[in-house]
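Please work through the following exercises with the model open beside the text, and try each task before reading its solution.

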Amino acid sequence: MAITVFGMGSNQDIGHTLFTPIVAGTTTAGTGTYAENVGRIKRSGEVIQLRISLSVTTHTGTGNLKITGLPSAFYPKNATYVSVWSSGLTYTAGKTLFCAINTDGSITFQQCDGSAAWASVAIDTAFEMFISTSYMAAK
């Protein structure tokens, strides 16, 4: 199932930088097949608006889930944590899924139940997700 989100269509790309987000495992990167993997970024001064839409149909990576491919001009000033919509991604029931947009441009995933106990999220063979956030640019 493909994710259709307002503002992600080609007629909405004016002023946006497009990039291809790449899903990888942290132990073995692996390779993926995508029904959709689109990233859009818009910069207004120091503020970056980021949207990523992914539909992974198969993936061979192992370890924890991460996304690469964010252009270096759009790396954040500080690690930024945001909630994520996902379907088909396995993590512990009752926990909330978050991603960290790290200062090296990688995006990693954690789960938390509101306590201090955070845990990484393993890569799955097939899933969908949508990330939408704003953050301060490093440069």
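The exercises below concern a predicted model, and each task is followed by a worked solution.

**Exercise 1. Strand β9 and its partners**

Task: Determine which strands pair with β9, and in which sense β8 and β9 run.

Solution: Begin with β8 (residues 96-101), which pairs with β9 (residues 107-112) in the antiparallel sense over six bridges. Two of the facing pairs can be located directly, since Leu 97 stands opposite Gln 111, while Ile 101 has Ile 107 as its bridge partner in β9.

Next, turn to β5 (residues 65-68), which pairs with β9 in the antiparallel sense over two bridges; here the bridge partner of Ile 67 is again Ile 107, the residue that also serves as partner to Ile 101.

Finally, follow the chain to β10 (residues 118-120), which runs antiparallel to β9 and is joined to it by three bridges, with Cys 112 standing opposite Trp 118.

The burial of β9 completes the picture, for the strand is mostly covered, with five of its six residues buried.

**Exercise 2. The hairpins on either side of β9**

Task: Identify which residue takes a positive phi in the hairpin of β8 and β9, and which one does so in the hairpin of β9 and β10.

Solution: In the hairpin of β8 and β9, five residues lie between the strands, and Gly 105 takes a positive phi near 90°. In the hairpin of β9 and β10, there are likewise five residues between the strands, and here Gly 114 takes a positive phi near 100°.

**Exercise 3. The surroundings of Gln 111**

Task: Decide whether Gln 111 is buried or exposed, and find which backbone atoms its side chain approaches.

Solution: Start from the position of Gln 111 in strand β9. Its relative accessible area is 7%, and because buried means under 20%, Gln 111 counts as buried.

Then examine the polar groups: the side chain of Gln 111 reaches the backbone nitrogen of Thr 92 at 2.7 Å, and a polar atom of that side chain lies 3.5 Å from the backbone oxygen of Ser 120.

Lastly, consider the wider set of residues that Gln 111 touches beyond four places in sequence, which includes Tyr 91, Lys 95, Trp 118 and Val 121.

**Exercise 4. Cysteines and disulfides**

Task: Establish how many disulfides the model contains, and whether Cys 99 and Cys 112 are buried or exposed.

Solution: The criterion is a pair of cysteine sulfur atoms within 2.5 Å, and by this rule the count comes to zero disulfides. As for accessibility, Cys 99 is buried at 0% relative accessibility, and Cys 112 is buried too, with a relative accessible area of 6%.

**Exercise 5. The open sheet and a further pair**

Task: Work out the strand order of the open sheet of five strands, and explain why β1 and β7 each have one side without a neighbour in the sheet.

Solution: The order is β1-β3-β4-β11-β7, with antiparallel pairing. Strands β1 (17-19) and β7 (85-87) stand at the edges and each has a single partner strand, so one side of each is left without a neighbour in the sheet. From one strand to the next, the twist averages 15°.

At the β1 edge, the pairing with β3 (residues 32-44) is antiparallel over three bridges, and Thr 17 stands opposite Ile 41.

For a last comparison of pairings, β6 (residues 80-83) and β8 also pair in the antiparallel sense, over four bridges, and Thr 80 has Ile 101 as its bridge partner in β8.

Notes
Residues numbered from 1 in each chain as written. Predicted model: local features only at pLDDT ≥ 70, side-chain atom pairs only at ≥ 80, totals over all residues. Heavy atoms only, no water. Buried < 20%, exposed > 50% of the residue type's maximum accessible area, 1.4 Å probe, protein only. Pairing = 2+ DSSP bridges. Axes fitted to C-alpha atoms, helices over the stretch in contact; angles between N-to-C directions. Polar contact = N/O pair within 3.5 Å; in protein donor to acceptor, adjacent residues only side chain to side chain. Contact = heavy atoms within 4.5 Å.
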